[in-house]
Amino acid sequence: MKITSLIALFLFAVQLAFSQSENPVHGKVTTDGFPTAGIEVINQTSGSVVVTDASGKFSIKAKVGDVLIFAGKNYTSRRVTLNQKDFGKTGVETNMNQEAIQLVEVEIKKEVDDVKPEPPAVAPLRSVDNILNSPTNMMVYNGAIIHGLDFVAIGKMVGNLFKGKKKDKVISNIEMKEYISDNNG
């Protein structure tokens, strides 16, 4: 009977030892429903650390009652105490919240420039040669008078008005041959 008790005690101790051993725990970390990579999963009891992959999944050795800490840059850390159901097929699923980024105080000032507006630039006058040689579109009015006033011609016409009138020669019915011979000299 002692041997049976001793064997039962030994089997109980072995089962107790295996039940306290660490088993891998699988899980997934998400943020707003999307997988989160680069989150550290720390087993606070054993001190082991793993990092989530690109799909947000991780696997770490732990046992029932261990505390997992999920921490990441710009994320609020979370603590999860493991229970027996966390070692099942679904594993540990946790959602991380992004930390609010505290901004440095900003002061907004309105700057007034003491810049005086410059007067409009005066374009240099074009020379007469340049104007006469440049091609122009005759269909577009540019403000120039193409055939402007010729004051010399106007002066001659006014002068002719005030000059004495010459008496016109009265030509009588003369033959053309006679008229030509008289006027040619």
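This section describes the fold of one protein chain, its open sheet and a nonpolar patch on its surface. The model is predicted.

The protein chain holds 4 helices and 8 strands. Along the sequence, these elements follow the pattern α-β-β-β-β-β-β-β-β-α-α-α. The chain has 185 residues, and 14% of them are buried. Its accessible surface comes to about 16800 Å². Carbon and sulfur atoms account for 59% of that surface. Among contacts in the chain with a separation of 6 or more, 46% link residues 24 or more positions apart.

An open sheet is formed by 4 strands. Their order is 4-3-6-7, and the pairing is antiparallel. The edges are strand 4, residues 49–51, and strand 7, residues 78–81. Each of these edge strands pairs on one side only. From one strand to the next, the twist averages 20°.

The description now moves across the sheet from strand 4. Strand 4 is joined to strand 3 by 3 bridges, and the two strands run antiparallel. Within this pairing, V41 stands opposite V50 of strand 4. The hairpin of strand 3 and strand 4 has 5 residues between the strands. In this hairpin, G47 takes a positive phi near 85°.

Strand 3 spans residues 40–43 and also pairs with strand 6. This second pairing is antiparallel and comprises 4 bridges. Two partnerships can be named here. I42 has I69 of strand 6 as its bridge partner, and N43 stands opposite L68 in strand 6.

In a regular strand, side chains alternate between the two faces of the sheet. Strand 3 shows such alternation in its side chains. V41 and N43 point to one face and are buried. E40 and I42 point to the other face and are not buried. Thus V41, which stands opposite V50, is on the buried face of strand 3. I42, the bridge partner of I69, points to the other face.

Strand 6 covers residues 67–71. Of its 5 residues, 4 are buried, so the strand is largely enclosed by the rest of the structure. Strand 6 pairs with strand 3 over 4 bridges, and 4 bridges also join strand 6 to strand 7. The pairing of strand 6 with strand 7 is antiparallel. On strand 7, R79 is the bridge partner of I69, and T81 is the bridge partner of V67. I69 therefore has bridge partners in both neighbouring strands, because I42 of strand 3 pairs with I69 and R79 of strand 7 does so too. The hairpin of strand 6 and strand 7 has 6 residues between the strands. Here N74 takes a positive phi near 70°.

A71 also lies in strand 6. Its relative accessibility is 22%, so A71 counts as partly exposed. The cut-off for buried is under 20% relative accessible area. Leaving aside residues up to four places away in sequence, A71 touches I39, E40, S77 and M96. One of these contacts, E40, belongs to strand 3 and is not buried. A71 and V51 are 20 residues apart along the chain, and their C-alpha atoms are separated by 9.6 Å.

Outside the sheet, a nonpolar patch occurs on the surface. The patch measures about 860 Å² and is made by L149, F151, I154, M157, V158, L161 and F162. Among these residues, V158 is found in helix 3, which spans residues 151–162. V158 has a relative accessibility of 40%, so V158 counts as partly exposed.

Technical notes
Residues numbered from 1 in each chain as written. Predicted model: local features only at pLDDT ≥ 70, side-chain atom pairs only at ≥ 80, totals over all residues. Heavy atoms only, no water. Buried < 20%, exposed > 50% of the residue type's maximum accessible area, 1.4 Å probe, protein only. Contact = heavy atoms within 4.5 Å. Areas by Shrake-Rupley, 256 points an atom, 1.4 Å probe, with all protein chains shown as cover. Axes fitted to C-alpha atoms, helices over the stretch in contact; angles between N-to-C directions. Patch = residues over 30% accessible without salt bridge, like charges linked within 9 Å, V, L, I, M, F, W, Y side chains within 5 Å. Salt bridge = Lys/Arg side-chain N within 4 Å of Asp/Glu carboxyl O.
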